[in-house]
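Colleague: Could you take one part of this model and go through its surroundings slowly, giving the contacts, the burial and the strands beside it? I would like one connected account rather than a list.

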2 protein chains.
Amino acid sequence: MRAVDLIMKKRDGKELSRQEIDFLIQGYVREEIPDYQVSSFAMAVFFNGMSFKETGYLTRAMIDSGDVIDLSKLNGALVDKHSTGGVGDKVSLILAPLAAACGLMVPMMSGRALGHTGGTLDKLESIPGYRTDLSVDSFIMGLEKVGFAMTGQSEKVVPADRKMYVLRDVTATVESIPLITASIMSKKFAEGAEAFVFDVKCGTGAFMKSIEDAETLAVSLVNTGKSLDRRISAVISDMNQPLGLTVGNFLEVREAIECLNGRGPKDLMDLTLRLTGHMLLLSGIACNIGSAEELCRVKIEDGSAWQKFLDNVELQGGDPEIVLNPEKGPKAGRVVSLSAREEGYVERVDAYLVGLAAGLLGSSRARKEDPVLPEVGVELVKIQGDSVKFGDELCLIHGRDPDKIREAEKLLNKAYKLSDEKILPSKRVMKEIVNQ
Amino acid sequence: MRAVDLIMKKRDGKELSRQEIDFLIQGYVREEIPDYQVSSFAMAVFFNGMSFKETGYLTRAMIDSGDVIDLSKLNGALVDKHSTGGVGDKVSLILAPLAAACGLMVPMMSGRALGHTGGTLDKLESIPGYRTDLSVDSFIMGLEKVGFAMTGQSEKVVPADRKMYVLRDVTATVESIPLITASIMSKKFAEGAEAFVFDVKCGTGAFMKSIEDAETLAVSLVNTGKSLDRRISAVISDMNQPLGLTVGNFLEVREAIECLNGRGPKDLMDLTLRLTGHMLLLSGIACNIGSAEELCRVKIEDGSAWQKFLDNVELQGGDPEIVLNPEKGPKAGRVVSLSAREEGYVERVDAYLVGLAAGLLGSSRARKEDPVLPEVGVELVKIQGDSVKFGDELCLIHGRDPDKIREAEKLLNKAYKLSDEKILPSKRVMKEIVNQ
């Protein structure tokens, strides 16, 4: 077998076999196949796509390129959720303890903040003492004791994805649905979960800008999962506005705590319950989405989800005192209020611009090596649909550096768009794709 | 400027500017842009193509990557011909002295035999003593003294093409019309000619199998030339059957000598006169193709083309004795005759199979490093349209190794296809595309 013939086959629109895809990926990881062949292959995939079967082979080959975390000895339904990334997306912080309280085991491996998007690891680490660099043993112990655990990805898991992602980033081959699918799925399956719910974000603050693109990815995820005999559901959710009221690491932890205590904003709670509900459906704990969401509500009202959160914080080294009294947590040195300079109804609060503003203040990083600040971010006071009078507070800017606060102010002024007419807030859940 | 943005631009179907293409090519040659970016760029070009303007920029950037042979001080119309490669194509050996006899200057840089195709340099070197590794000064002296000179390409000319070709070969990006166009054109213009006639071969023995593909390439060559203000004509010629009666290095030299003495086979002479005629049109020496071909015929009949050939052989170190008495030249140790095992008319003699047979006997090489044999090859006795009786001699196999002769025999048996019905030989010139 020669790599050049496989590139040609894909270039000419033919389907590759499992052996052929294995040959490419294992050869690449072993450095027998050079970058320049994989990049032209990736470009051919960009143009000609891959069938779900091929995408499944690719996912499998990537999983096989490294270690797989074996959770089979755990006695529980292992289900996880993955979001394609957004602004103000603290769902994982609420969903993981909630799903654990409902009886699932959630082995969650998360990423870091980059650009205008946040990262679950950075949010958790804003809790003083909280550690996300768990060993496999601690990860398994966390799952056994609490029902969920939160960690970063090991370097040994899916090395093929790491290698390919760096290459795709510099060869204009990131935006390929089968390559995105295999990248997401391989990482998720290598972490040991059996079933998944994907939250495919769609809108200005998301990777996928249009509903068509988001749906293509969602369908690819679900059907590729099917080709691998894995149960997968996907929810497409609106990311034109930030999710909930806060964007920034500890600000979002505080909001997650509110949610777990039954005081969360509607849009965030609705989406979290829907995603957790799908996890319960996949595991068979619930048999329709209505009863699944009802079970979630009960587990919040009776405090058991909140207790799971506390147990996890304690186990992963976070300061329980801060979680119980978030006002004692990281606090910004400067809080500046942005006031309305006109009247009307909030037509939109652009997620991308809010994400940029929060990132600029220090909640995210421009390059992977940069540090993040725990206390900074944006707190929305007015959101889509709210009526606004002249001088009303639109949002609060939590910052450290006055220059950056001024820059963030400009972005946030642009992010808010008012309308003379009444506006109905849009629904978060746009579409659901369920593996039948 | 970043290479990744330019790859993305081409991937998304946009046109690149001259600066952008220069940035890519010069960066690549200086090793600032890595192979993996150029290979994904080449694959994007494979899918999205390039405008003639872009192909012109690419050609220009490739020329600028290395030395250009400056022939501007020569006092003459510098016109060359380039063929895309075929079987039995000894046109250059006849055309160059003929064009010189008509008053042109032909600075010819040729290639070597590879696979089933022959190479002008290998043919010339089958003349004992003939040298094709001329210095630039000797090349210029040859042009001044004889009106034409034959040499190989210097390593310093168009290094970008050399580098890109090696990469394209292993990344399935060879078959791209704009990349092929820029590769051919940059090499040709760097050698110092002002105008060109391209012989685009089409058929089983050629790189382009279909007339559509051949025409696409021919149109691309002519229009890209136009975008660079260069006069270019293209002739699409049939390469389903070998050209003339011989395939093999010294066998072809002998046939070229016959042609220059007015005894050449019709198909070969027709094509040679047409191509030389177009060179005369481009230079303004003739003003219509009829008078151009007529001038060529005169220069063969009066012996002046033949004299140019002799002058060149002497100047480039070849043994004039051998050229004047080709029967004293390299001769195969074994000559085996292939006889007809049925009756009828020759429907076709497959160029690809004859090329393979001759290559196998030693007239071409499988890898660039292999040597070639001067004396071996195939001599056709019966060609398309000829009537054949049982036992008639179809062709002669000139070889060295009996095993290889047996293998060649099998290929040649397959190459000959007879028909019960009378067959008219096809015309060599299929289409002409002239820069207006």
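Modeller: Contact here means heavy atoms within 4.5 Å. The model is a predicted one, and the part I would look at closely is Arg428(B), with the strands that lead away from its contacts. Arg428(B) sits in the loop that runs between β12 (416-419) and β13 (429-434) of chain B. Although it belongs to a loop, Arg428(B) is buried, because its relative accessible area is 9% and the cut-off for a buried residue is under 20%. When neighbours within four places in sequence are left aside, the residues in contact with Arg428(B) include Ile236(B), Ser237(B), Asp238(B), Met239(B) and Gln241(B); Pro242(B), Leu243(B) and Gly244(B) are also among them, as are Asp267(B) and Leu271(B). With one of these residues there is a polar contact to report, since the side chain of Arg428(B) reaches the backbone oxygen of Gln241(B) at 2.9 Å.

From here the strands can be followed. Strand β5 of chain B covers residues 231-238, and Ser237(B), one of the contacts of Arg428(B), stands in β5(B) opposite Lys201(B). The strand on the other side of that pairing is β4 (residues 195-202) of chain B, and eight bridges join β4(B) to β5(B), the two running parallel. Strand β4(B) also pairs with strand β1 (residues 79-83) of chain B, again in the parallel sense, over five bridges, and within that pairing Val79(B) has Ala195(B) as its bridge partner. As for burial, eight of the eight residues of β4(B) are buried, and the covering applies to both faces: Ala195(B), Val197(B), Asp199(B) and Lys201(B) lie on one side, with Phe196(B), Phe198(B), Val200(B) and Cys202(B) on the other.

A second charged side chain in chain B can be set beside this one. Glu293(B) lies in helix α13 (residues 289-301) of chain B, and it counts as buried because its relative accessibility is 12%. Not counting residues up to four places away in sequence, Glu293(B) touches Leu273(B) and Arg274(B), and a polar contact of 2.6 Å joins the side chains of Glu293(B) and Arg274(B).

For the wider setting I turn to chain A. A rotation of 180° with 0.1 Å of shift along its axis superposes chain A on chain B, with an RMSD of 0.0 Å, and the two copies are thus related as by a two-fold rotation axis. In chain A, the C-alpha nearest that axis belongs to Tyr36(A), 1.8 Å from it. The copies meet through the same surface, because 100% of the interface residues of chain A are also interface residues in chain B. The domain assignment divides chain A into domain 1 (3-49), domain 2 (79-324) and domain 3 (332-419), and 44 Å separate the centres of domain 1 and domain 3 of chain A, taken over C-alpha atoms.

Strand β12 can also be followed in chain A, where three strands form an open antiparallel sheet in the order β10-β8-β12. Its edge strands are β10 (387-388) and β12 (416-419) of chain A, each pairing on one side only. Strand β8 (residues 344-349) of chain A pairs with β10(A) over two bridges, and Gly344(A) stands opposite Val388(A) in β10(A). Helix α17 (residues 402-415) of chain A packs on this sheet, where it touches β8 and β12 of chain A, and its direction makes about 30° with that of β12(A).

How values were computed: Residues are numbered from 1 along each chain as its sequence is written. Chains are lettered from A and ligands numbered from 1 in the order in which they are written. This is a predicted model: local features need pLDDT of at least 70, side-chain atom pairs count only at pLDDT 80 or more; totals for chains, interfaces and linings use all residues. Side-chain values use heavy atoms; hydrogens and water are left out. Two strands pair if DSSP finds at least two bridges between them. Helices (H or I, at least four residues) and strands (E, at least two) are DSSP runs, numbered from the N terminus. Axes are lines fitted to C-alpha atoms, for helices over the stretch in contact, and angles run from 0 to 180 degrees between N-to-C directions. Domain bounds come from an automatic or database domain assignment. Copies are superposed by least squares on the C-alpha atoms of residues with pLDDT of at least 70 in both. Buried means under 20% relative accessible area, exposed over 50%, partly exposed in between (1.4 Å probe, protein chains only). A polar contact is a pair of N or O atoms within 3.5 Å; within protein, one must be able to donate a hydrogen and the other to accept it, and residues adjacent in sequence count only if both atoms are side-chain atoms.
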